[in-house]
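This report goes through one protein model part by part. Terms are explained where they come up.

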Amino acid sequence: MAAYINRTMALGDSMISRRKPALDEKLSSPLQVFGQAKKQINGIFVNIQDYVANASERMTDMNIECPDVINEKELKSILDYRSKVKGICEVLTRDHMKVAFFGRTSNGKSTVVNAMLGDKVLPSGIGHTTNCFLQVEGSQTGEAYLVTEGSKEKQNVESVSHLAHALNYEKQLNEKELVHVYWPKDKCGLLRDDVALVDSPGVDVTPHLDDWIDAHCIDADVFVLVANAESTLMITEKNFFHKVSSKLSKPNIFILNNRWDASANEPEFLDQFNSQEQVRKQHMERATDFLVKELKVCTAEEAASRVFFISAKEVLQARVQERKGLAPNSGALAEGFITRYKEFEEFEHKFEECISKSAIKTKFLNHSQQGKHLIDEICKIMETIFKRSLEQTKIKGAQKKEYQEKLNFTNQQLENLTNMLKIKIRNVTDDVEDKVSKALNDEIRRLYVLVDEFNASFNSDPFVLNVYKKELNSYVETGLGSNLRARLSTDFAMTMEQSQKEMVAKMSSLLPENKRNISLSNSKCKPFEILYRLHCDNLCSDFHEDLEFKFSWGLSKIYRRVTSLKIWSQTQSRISYYPSQNQSTSAEGSFNNNQSIVEQNLPFMSRFLGGSEVTMIGGLCAAGFTFKVVGWRLLGLSIGVYGCLFLYERLSWTTKAKEREFKRQYVEYVTSKLRMIVDITSANCSHQVEQELTTTCSQLCQLVDESSDNLSDQLKNLDHELKILAKSTEVSKNLKNKADLLKVDLKQFDNTFLCQN
Ligand SMILES: Nc1nc2c(ncn2[C@@H]2O[C@H](COP(=O)(O)OP(=O)(O)OP(=O)(O)O)[C@@H](O)[C@H]2O)c(=O)[nH]1
């Protein structure tokens, strides 16, 4: 992102340093206008190239970071513009003004080129000397050399004779081929100002005029027809320019009537000054007609400044003299030399004006239009990206607001629901505790029925009895458990299911729609069931049965009964006195309580009465003896009946009776123990329910938390995307503004260099 910002700043800086096109008023030659225009459009295109390179980099980053804003097609267009601009820049650096010289052989084309260059650069002479196209242009290195077509080899050229020799050596050169002659720029003003001069073979020596035009004339800014003033315009010359004008729209054509010195020195003209004027007038009319009426390349007024009567030979000689430091007219002056020289200079001036204007138009108008079109296209893309960024910012902003509100609402609702569910869970667990407590008390009361139904074989042998006790414990535990389940499971399962459904319904309203189909992990396998952990083995670990025979009419028993009746009546009176304290105690419970009081006092009584049944019988015998005096018969009968009773009970003390007695003691013991754990068991069951419901609640809360976390993550992503969108909005806006500035530069260039021409 930092690189992204740096590049934005770099682009800003580069745009600040852009140059404003303006025409320098102090130019010495019209050719320099072309140079200035070239420099300025080059500068503009360098800025466009920087701009497109920066835009490409930024759009590539944007395409990666925010593909919704710029699509592949737009990115490709911008990337393609880089090569287009590069191509234009390359063409711009190569752009120069080009003038091509045509005419019949020996009309003096090479001499005219040399005269314009002010030096004997190209070979000239009688007969067909130029056998291919020769383009003279400025050498960047300051050296003189030539390069033949299709070759990159530089052949050094030291002088014109050397060049002629080199060209002769290349005899195999085709007349259509082009040889580039690079001549030091400092030796010639024209070359300094980017003018390339193209000499050609005579138009009368080739049948391939069309090929010539296609190969060498299409990009020429000015054509110079070098005619021979000693003769009239020939059909071959006219023919050639007809072809040129049919292929190019209004080519700039100059007609030079060369060898005007020779015409002036013709014997018949020497005494007839007027005749020379007539010849000039005749040439002028024919040339004007040719340009205006036949070729239709200019108006009659313009034609007056397109036809000249010169002597290239004289101008060349004068300029070579001047170059040598001699006076240009140091030799014998031919008649009318000054006038012809001045006319040549006038031609040069008109030519410079014409080629500069023409070249600016032909070379730079196209580039400027291409540049404007390209900038327009980029502007459109930037505008689209800007609009899309704003649109996306709006959408994402609204989305962010919606998510934020949703998150706040979810958190608030989650807090409210959690509090509500806590209360709900507390109510359910309280209810469960009450129901379990009630059901367990009921089962304890009905314990004797359960124990009575246990029908494993009983044996009073201690070892077997231990096994019997274990089995009975297990049986009671299972029986109690299944009875409790039968009474409570359906009710609890329904309560749990209803509570869980209620929780799910409430919590799912806080979840996204696609996640509302909740399946709880704790309700997957089987319905919830409470475990009643009674642990009868532990409860009865201290249980010790008493299976010794006890005579029911023994003295200790009688005493026990009497005492228990007395205590029972006392307890009853206490119950009636404190009824509220004993409301929950049943009659059976009171009885058991009384019994336990009796049992507490039993050891003392037993000691007092002799400790055993046998002792008591002995006591009775002693008492009978006392009653001997009362009557043996009555005493004997009583003893007999008492003995029979004892015998009957002793004989009735069978295994079955022991089993009954064992079960009675067991029920009595287990009942007391179970009553002690009623509260713990019911609390334990309610705790299981609470745990189950709390687990459900926390699972649901976790789901809601996950969805809240998702929302938070989405909010973070949205924040990030909004930051990128803000950048893309800023970047596209900046790039569009900068493209507008470049467009202004191009328009200003057009106004300065193209519209005024
Ligand atoms: N008197 C006179 N002779 C000229 C003038 N210009 C050229 N010549 C001579 O005409 C002959 C041919 O000149 P070139 O410059 O070689 O003619 P060209 O048209 O280039 O001929 P090719 O290259 O063969 O097509 C040379 O001997 C020149 O010196 C001129 O203005 N006056």
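A residue is called buried if 20 or more other C-beta atoms lie within 10 Å of its own, exposed if 12 or fewer do, and partly exposed in between, with C-beta atoms placed from the backbone. The model is predicted: local features need pLDDT of at least 70 and side-chain atom pairs count only at pLDDT 80 or more, while totals for chains, interfaces and linings use all residues. Residues are numbered from 1 along each chain as its sequence is written.

**Four residues and their surroundings**

The table lists four residues with their neighbour counts.

| Residue | C-beta neighbours inside 10 Å | Class |
|---|---|---|
| L742 | 23 | buried |
| Y341 | 19 | partly exposed |
| H535 | 12 | exposed |
| K250 | 11 | exposed |

Helices (H or I, at least four residues) and strands (E, at least two) are DSSP runs, numbered from the N terminus. Y341 is part of helix α14. Y341 counts as partly exposed because it has 19 C-beta neighbours inside 10 Å. Two residues are in contact if their C-beta atoms, placed from the backbone, lie within 7 Å. Leaving out neighbours within four places in sequence, the contacts of Y341 are E314, V315 and A318. Y341 and V315 are 26 residues apart along the chain, and 6.0 Å separates their C-alpha atoms.

L742 belongs to helix α22, which covers residues 655-754. Which residues does L742 touch, not counting residues up to four places away in sequence? They are I44, N47, I48, Y51 and I375. I375 and L742 lie 367 residues apart in sequence, yet the distance between them is 7.5 Å, C-alpha to C-alpha.

K250 and H535 are both loop residues: K250 sits between α8 (235-247) and β8, and H535 sits between α16 (462-508) and α17 (536-539). Neither is a glycine, but phi is positive in each, near 45° for K250 and near 50° for H535.

**The sheet**

Two strands pair if DSSP finds at least two bridges between them. Nine strands form an open sheet with mixed pairing, in the order β4-β3-β5-β2-β6-β1-β7-β8-β9. Its edge strands, each pairing on one side only, are β4 (155-156) and β9 (307-309).

At the β4 edge, two bridges link β4 to strand β3 (residues 145-148), and the two run antiparallel. One bridge partner pair there is L146 and Q155 of β4. The hairpin of β3 and β4 has six residues between the strands, and in it G150 takes a positive phi near 80°. Strand β3 also pairs with strand β5 (residues 178-184), antiparallel and over four bridges. Here Y145 stands opposite Y182 of β5.

Elsewhere in the sheet, strands β7 (residues 222-228) and β8 (residues 252-258) run parallel and are joined by seven bridges. V226 has L256 as its bridge partner in β8. In a regular strand the side chains alternate between the two faces of the sheet.

Helix α4 lies across β1 (97-102), β2 (133-139), β6 (195-199), β7 and β8, and runs at about 160° to β6. For such angles, axes are lines fitted to C-alpha atoms, for helices over the stretch in contact, and angles run from 0 to 180 degrees between N-to-C directions.

**The nonpolar cores**

A nonpolar core is a set of buried Ala, Val, Leu, Ile, Met, Phe, Trp, Tyr and Cys residues joined through C-beta atoms within 7 Å. How many residues does the largest nonpolar core have? It has 104, and V99, V136, V224, L225 and L256 have the most contacts inside it. Helix α14 (residues 337-445) supplies the largest share of this core, 15 residues. Another core, of 36 residues, lies apart from it and includes I425, V428, Y468 and L488.

Not counting residues up to four places away in sequence, V136 touches V113, L117, V121, L122, V181, W183, A196 and L197.

**Around the ligand**

A residue is near a molecule if its C-beta atom, placed from the backbone, lies within 6 Å of it. There are 23 residues around the ligand, and G108, S110, S124, T130 and K313 come nearest. The elements that give two or more residues to this shell are α4 (109-117), α9 (260-264) and α13 (312-323). Helix α4 gives the most, with three residues.

By class, the shell holds four nonpolar, 15 polar and four charged residues. In this count Ala, Val, Leu, Ile, Met, Phe, Trp, Tyr, Cys and Pro are nonpolar, Asp, Glu, Lys and Arg are charged, and the others, Gly among them, are polar.
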